[in-house]
Amino acid sequence: MSQYRDIAAVCGGGNLGLHGIPAARHETGSDSHMKHYSAFAVAREALRYHTGWERAWRSPEPKKRYDVVIVGAGGHGLATAYYLGKNYGIQNVAVIEKGWLGGGNTGRNTTIIRSNYLQDPSAAIYEKARSLYETMSQDLNYNVMFSPRGVMMLAQTQHEVRGYKRTAHANALQGVKTEWIDPARVKQLVPIINLHGPRYPVLGALWQERGGTARHDAVAWGYARACSAMGMDIIQQCEVTGVRSDAGQVVGVDTTRGPIDCGKLGIVVAGHSGQLAEMAGFRLPVEALALQALVSEPIKPCMDVVVMANTVHGYMSQSDKGEMVIGGGTDGFNNFTQRGSFHHIEETVRALNETFPMISRLKMLRQWGGIVDMTGDRSPILSKTPLGGCFINCGWGTGGFKAIPGSGWGMAQLMATGHSPLTEAFSLDRFKEGRFIDESVAAGVAH
């Protein structure tokens, strides 16, 4: 399987790593042994029938002890490990995953990348992430297919008009480039849109030209490959069954593959954060909900931006394969399912048919669900915990994918140094102290 990931890394579309751009090199570890992907590598392997591709990452047995153990081999966990190694030289790291790498929310999202959030702490971490996405393919020497096609958030009520104009003003002060556009400009950017829907007309939109999409699997694979090259261990099919501590300090975890000791522990498991926190002896103010999405059969290119319509709860973009990628709001009840349901198809597709009438004739190709962890203020938690040496990264709701590199950057800084300007406002203490980071307007349907 990883052989094909090797090929995909240099053969995909989007922001390519095809031009001989040097991979990131580190002073320590085994990074110099990582095979460099380039157009020349593709040509060389073509001549020898692609028999020389190496595995993208190692699958070692767990060691008895690591300096850092990160639970969760999704985008956020792998990014944290990568920046621990790249920025701080901490490479005796294990990333453990109960299933397969990237098999949780990282592989189940709809790939939207944007940073047009209202509150200053949110804008800072999401804009950091967006800027890191722009150079990620070159930094990792792995094609993540970043596509800065632009993200448009439709305003279909006067309340939304006021909210998005406020966000545009806030973004200007934050240094995040967004703008308010009128319906004529919306129609120019998205010719297939219906501005005069039967329920809600399009009154304008908040437009972020440098937002876009990336290939979700490739982000996880690229980080995993870079982590493995630094000598870190990525251990799949390894479920945590307990967290061990001594005198209020974490000392290790018990797993289905035996006990693993550690100096520091990072919990980055999205919808299962509450269960891991309980093992570590504290509670989290989060709830788990399913978020569903679906894709249509592929069609010719008809829409080259991402459109979010929060009033009617629907959003859509077109993938490189031509599929219309469709999603909406979270389920209205707590659950841990990763399957789709018929009521969600009906609600979401009905809303989008009003906005994009041409999609009414499309057939659904596949549908899925992911388990998202939601806080009361719709903002994440990146924080120390009551257990010494244990850190938590959770609460991203349905906006986690867009934040992966910024989250990893800030979380690595917090774990390595004990402080990070990016994560300071997102500590657990904010719920006790009442200093919420309310993103219910900017998040729309919690994206």
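These legends walk through several close-up views of one predicted protein model.

Residues are numbered from 1 along each chain as its sequence is written, and side-chain values use heavy atoms, with hydrogens and water left out. Because the model is predicted, local features need pLDDT of at least 70 and side-chain atom pairs count only at pLDDT 80 or more, whereas totals for chains, interfaces and linings use all residues.

**View 1. How confident is the prediction along the chain?**
The protein chain averages a pLDDT of 89, and 91% of the residues score at least 70. Here pLDDT is the predictor's confidence in each residue, from 0 to 100. Two stretches to look at are residues 1-5, with pLDDT below 50 and seven contacts beyond near neighbours in sequence, and residues 13-32, with pLDDT below 50 and 49 such contacts. A contact means heavy atoms within 4.5 Å. Where pLDDT is low, the predicted coordinates should not be read in detail.

**View 2. An open sheet is built from eight strands.**
Follow the strands in the order β5-β6-β4-β13-β14-β15-β12-β16, and you will meet mixed pairing. At the edges are β5 (179-181) and β16 (364-375), each of which pairs on one side only. From one strand to the next, the twist averages 25°. Helices (H or I, at least four residues) and strands (E, at least two) are DSSP runs, numbered from the N terminus. Two strands pair if DSSP finds at least two bridges between them.

**View 3. Strand β5 meets β6, with a helix packed on the sheet.**
Three bridges connect β5 with β6 (residues 204-208), and the pairing is antiparallel. Find Trp180, and opposite it in β6 you will see Leu206. Helix α6 (residues 158-174) packs on the sheet, where it touches β4 (151-155), β5 and β6. The direction of α6 makes about 140° with that of β4. For such angles, axes are lines fitted to C-alpha atoms, for helices over the stretch in contact, and angles run from 0 to 180 degrees between N-to-C directions.

**View 4. Strand β13 is covered on both faces.**
Val306 and Met308 on one side of β13 (residues 306-309), and Val307 and Ala309 on the other, are all buried. Buried means under 20% relative accessible area, exposed over 50%, and partly exposed in between (1.4 Å probe, protein chains only). With β4, β13 pairs in the parallel sense over four bridges, and Val306 is the bridge partner of Val151. With β14 (residues 314-318), β13 runs antiparallel over three bridges; here Met308 has Tyr315 as its bridge partner. Four residues lie between the strands of the β13 and β14 hairpin, where His313 takes a positive phi near 60°.

**View 5. Strand β1 has β11 and β2 as pairing partners.**
Five of the seven residues of β1 are buried, so this strand is largely enclosed by the rest of the structure. β1 runs parallel to β11, joined by six bridges, and pairs in the parallel sense with β2 (residues 93-96) over four bridges. Ile70 is a handy landmark: opposite it in β11 stands Gly266, while its bridge partner in β2 is Val95.

**View 6. Helix α9 has buried residues along one face.**
Which residues of α9 (residues 273-280) are buried? They are Ser273, Leu276, Ala277 and Ala280. Seen down the axis of α9, these buried residues fall within an arc of 100°, so they line one face of the helix. The arc is that of the directions from the helix axis to the C-beta atoms. Among the elements covering the buried residues are β1 (65-71), β9 (240-246), β11 (258-267), β16 and β18 (390-394). After α9 comes Gly281, whose phi is positive, near 95°.

**View 7. Two residues to compare are Ser147 and Asn87.**
Ser147 lies in the loop between α5 (136-140) and β4. Its relative accessibility is 18%, so Ser147 counts as buried. Not counting residues up to four places away in sequence, Ser147 touches Gly211, Gly212 and Thr213. Asn87 sits in helix α3 (residues 75-88), and at 30% relative accessibility it counts as partly exposed. Asn87 and Ala412 are 325 residues apart in sequence, with 8.2 Å between their C-alpha atoms in space.
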